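Visitor: I should like a close look at one part of this model, and then an account of how the rest can be read beside it.

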Amino acid sequence: MRWTLQHKANAAILIAFLLIAAIYVAIQLPFQRVVMASALKQTETLLHSLVERDREPLANEIFEGRKRAIMLRIGQMRTVEGILNIGVFDHTGRLLVTDGPGPADPLLAPGDIPDPGSAVRIRRGRLDGDPILVYVQAIEVVSERIGFIRINYSLAKITRQQRTSYLIFGCLLGSIFFIMLVLLNYLLSRVVINPVTSLRDAMQRMHSGALGGQVEVKSMDEIGDLTRTFNQMSADLALYYQHIEEQNRVLKQSEKRLSDERERLDVTLRSIADGVIATDMQGRVVLMNHSAEALVGYRLADALGSPITVVFRVIDEDAGAAIENPVERVLRTGKVTDPAGNTSLITKDGRHRSISASGAPIIDNEGAIIGAILVFQDVTQKRLIEEEMAQMRVYLKNIIDSMPSMLVSVNEEGVIVEWNEAASRITGITAMEAIGREVWQVVPFLEKFRAPMQEVIATRSPREFHHEVQGSGEDEEFHNVSLFPLIANCVQGVVIRVDNITEMEKKEQQLRQAQKMETIGTLAGGLAHDFNNILGGITGSLSLIKFKLTQDHAMDRDFMLKYLGIMEEAGKRAADLVAQLLSISRKQELHFESVDLNSTIDHVMQICSNSFDKSIDLDVRHSAAKALVSASPTQMEQVLLNLCVNAAHAMTTMRGEDEHQGGRLTVSLRKIYGDAAFRATHPEAGEIQYWVLSVQDTGVGMETKTVAKIFDPFFTTKDKDKGTGLGLAMVYNIVRQHSGFIDVYSEPGVGSTFNVYLPVFEEEATAAGTDPDQEIPRGEGLILVADDEDMIRETARAILEECGYSVVLAANGEEALRIFRERHKEIRAVLLDMIMPRMSGKETYQEIKAIDPEVKVLFSSGFKQDERVESVLELGVQGFVQKPYTLHELSRAMHRVVAA
């Protein structure tokens, strides 16, 4: 194939076109990518600002699980153009609510969950064949994720803009190729057409407007000159025309870029949820987006050119007075204005909206201010929510402050963060003084709970401490302390509740004492009978001995020893009965020790056998081994005695006059283990061993609804004036204090069974004790005996002289003090009665101790648990002996004091 000029020209045009196209593509495609990236970035910024605006309230709603509130909030978000679907998920990625067409996946795709170091994940995808932007942001509060929000945003509009740009790009390349082809044909015509034809055709083309055509000069004659002149003129015209065309092309490109920029600006403004208004230097409206139109009530067409003060009217929300328009302030100062609080916008129709507005100057390329821009948003709902939250905080604080319990919240380090009014009232320390300090510095009593607080934080399980004692003597107080785990704003801590139960404890002690006295009253008849029997043995023996002495009847040694033994045994029985009465009636502190329930049963059964109606048969079933529990011996006896007294009443006084009186009272002991089956029916039980103390009677029995109330204070099934209803209430409280529990089975007409469960106490084995030495310890020296009873003084003198001591007697405290003051250097010890006229034993002891601080004193009294005796023992006396005492008891007690 032979290459013609036309072929060469076409090839040159093609090469030039390809070069130009490559250069243009190299310039245009990155530009298009930048434009596309800018549009996507603006979209991402829009979505981020949309989420950030409502992130905090949305976090609260997710945390509180208020799906309706979440639905309303994302419904407002969907008003933004381009948003197809919004889904809200909890922190595990499980869908809570969704709004709009599109997927309603129950779980958030793992690929859409942002990485731990990032709060946002963005990807592009397709929905129903259309391109979309999937925007996922983690909802975090103090770096802890509590949920996610996913927004599907349509990219259809951006894609259409990109396609339009590419179409224009293709058309432009085609135009360039066409121009090059025309130039080629023009060059060919110059080569192949003779100068005249070429000149004629060129003139015709010039006449028709085809400037720039050149005719080949083939000769130097006039035609050549004309051709050169024509060529020059044609070239000049073509150059001028090309310059104009270039200017037109540049102008069109500038107009196109300006149009695109305006369109992007318009799209951006329409997409912004906040209201945006732009003004010129005179404060006249030149631009307003859709959100602004919706908020102020004016259309842009109506507001264009109007003063900003007409379109955007604001007043102070609290005072109701007009305030300076933010635009006016910007144009006056040339500075950005911060959002003003408590601002109310008056709309076109006269409604009021709470808004947050800020303004900024618009500055041109030369730095001159050409106008102002106003950005504002409706915060009415936000203000209402904030007010409701503030009211709720005040309401909750009022509730906490109105509680009588002392409530203190501390963090992990024990630093106080909350302090209620009760705490201020009890401690005298205000919240301002307490908050920020360690709780044990403010309340030293709580130092002992430092370790339990850390345990509560670690396990998130509450702890309770009952009957905690603070102070001593008259200042002694009892408290219940509860520790509750607290997690707020990702900060762990403890809520401490302290209840002062001193009054309740004192009343409970009074109730227990009253119930003890009721029990004593119940037993009084039987005990009186037993006392009469004892006194009968003593008075009968004495009358017989006295008769023989007055009649001068001979009495041998065996006769005297026999009746003296009878009187001694009667005296011991009387002392035992008094001790039993005192043991169940005395008030004392709760001291736990190892107690054998077998001994408790023996002690109580002895009282019951002496006092119960003889129609009641007592059946006692001991445990073969020691039944050891950690308990107060007196309170264990009170529990069993109360149950036995109630059982006796159920078989006697609670029956009708025509009914059979009496029955069988069975007291037994057995051991059980709290296995799973037992704990299933006894929720109070633990996985430990228990001693079961059972009291069974064949009395009147009770119905189920009655059994449910028997442990309530003052509830009784007995007739009026025959019971206070305190017995079983006291039994219940005592058993609970000993970490035990009770169950009851009863049937009307059959009887009742009370089972008391007490934890087994494992006591270390001890060496077997030996019998005390029956020999009388002897001594020497002068002993001062002070007692107001003549019989007691003479008995003490006889016993002490029998032991080898010398004795001097005093009938009261004053006489004892006088004798001690005169003879204290020779007195080795003092036997001092507690209760004496004129001067008590305590006062006497204090006076003689002032004379001789090294004095040795042995106190005596008929009741050791008397508070006065306890107070004297605390002063430092060397010993105590309880009346009535025997020769062996007094001799051993005095020997210990003298030898001390």
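For residues 720-725, over which pLDDT stays under 50, how many contacts beyond four places in sequence does the model have?

Guide: In this predicted model, residues 720-725 have 12 contacts beyond four places in sequence, and pLDDT stays under 50 over that stretch. Where pLDDT is low, the predicted coordinates should not be read in detail. A second such stretch is formed by residues 583-589, where pLDDT again stays under 50 and the model has 20 contacts beyond four places in sequence. For the chain as a whole, the mean pLDDT is 79, and 80% of the residues reach 70 or more.

With that caution stated, the account may turn to the sheets and helices. One open sheet has 5 strands, arranged in the order β18-β20-β21-β23-β22 with mixed pairing. Its edges are held by β18 (616-621) and β22 (741-747), each of which pairs on one side only. Between neighbouring strands of this sheet the average turn is 15 degrees, direction ignored. Edge strand β18 pairs with β20 (residues 663-673) in the parallel sense, over 6 bridges. Within that pair, D619 stands opposite T666 of β20.

A helix accompanies this sheet. Helix α19 (residues 633-651) lies across β18, β20, β21 (689-697) and β23 (751-759), and its direction makes an angle of about 25 degrees with β21. Helix α19 also packs with helix α18 (residues 597-611), at an angle of about 45 degrees and with the two axes 9 Å apart. The two helices are therefore oblique to each other. The crossing in which α18 passes α19 is right-handed. To this contact α18 contributes L597, T600, I601, H603, V604, M605, I607 and C608, while α19 contributes M636, E637, L640, L641 and C644. By class, the residues of the contact of α18 with α19 comprise 10 nonpolar, 2 polar and 1 charged. Helix α19 thus links the two descriptions: it lies across strands of the sheet and it packs with α18.

A second open sheet has 6 strands, in the order β7-β6-β11-β10-β9-β8, and its pairing is antiparallel. Strands β7 (285-288) and β8 (313-316) stand at the edges with a single partner strand each, so that one side of each has no neighbour in the sheet. Neighbouring strands here are turned against each other by 40 degrees on average, direction ignored. Inside this sheet, β9 (residues 343-346) and β10 (residues 352-363) run antiparallel and are joined by 4 bridges. S344 is placed opposite S354 in β10. This sheet, too, has a helix against it: α10 (residues 326-333) lies across β6 (275-280), β8, β10 and β11 (369-378), running at about 150 degrees to β11.

Two further helix pairs complete the account. Helix α23 (residues 790-802) packs with helix α27 (residues 887-899) at an angle of about 65 degrees, the axes being 10 Å apart. That angle makes α23 roughly perpendicular to α27. In passing α27, α23 makes a right-handed crossing. The residues that meet are A796, I799, L800 and E802 from α23, and L887, L890 and M894 from α27. The contact of α23 with α27 is made up of 6 nonpolar residues, no polar residue and 1 charged residue.

The other pair consists of helix α24 (residues 813-823) and helix α25 (residues 841-851), which pack at an angle of about 10 degrees with axes 10 Å apart. Helices α24 and α25 are therefore roughly parallel to each other. G813, A816, L817, F820 and R821 of α24 meet T844, E847, I848 and I851 of α25. Here the residues of the contact divide into 5 nonpolar, 2 polar and 2 charged.

To return to the part requested: residues 720-725 do have 12 contacts beyond four places in sequence, yet pLDDT stays under 50 there.

Key. Residues are numbered from 1 along each chain as its sequence is written. This is a predicted model: local features need pLDDT of at least 70, side-chain atom pairs count only at pLDDT 80 or more; totals for chains, interfaces and linings use all residues. Side-chain values use heavy atoms; hydrogens and water are left out. Axes are lines fitted to C-alpha atoms, for helices over the stretch in contact, and angles run from 0 to 180 degrees between N-to-C directions. Angles under 35 degrees count as roughly parallel, over 145 as roughly antiparallel, 65 to 115 as roughly perpendicular and the rest as oblique. A crossing is left-handed if the near helix is turned anticlockwise from the far one by less than a right angle, and right-handed if clockwise. Contact means heavy atoms within 4.5 Å. Ala, Val, Leu, Ile, Met, Phe, Trp, Tyr, Cys and Pro count as nonpolar, Asp, Glu, Lys and Arg as charged, and the others, Gly among them, as polar. Two strands pair if DSSP finds at least two bridges between them. pLDDT is the predictor's confidence in each residue, from 0 to 100.
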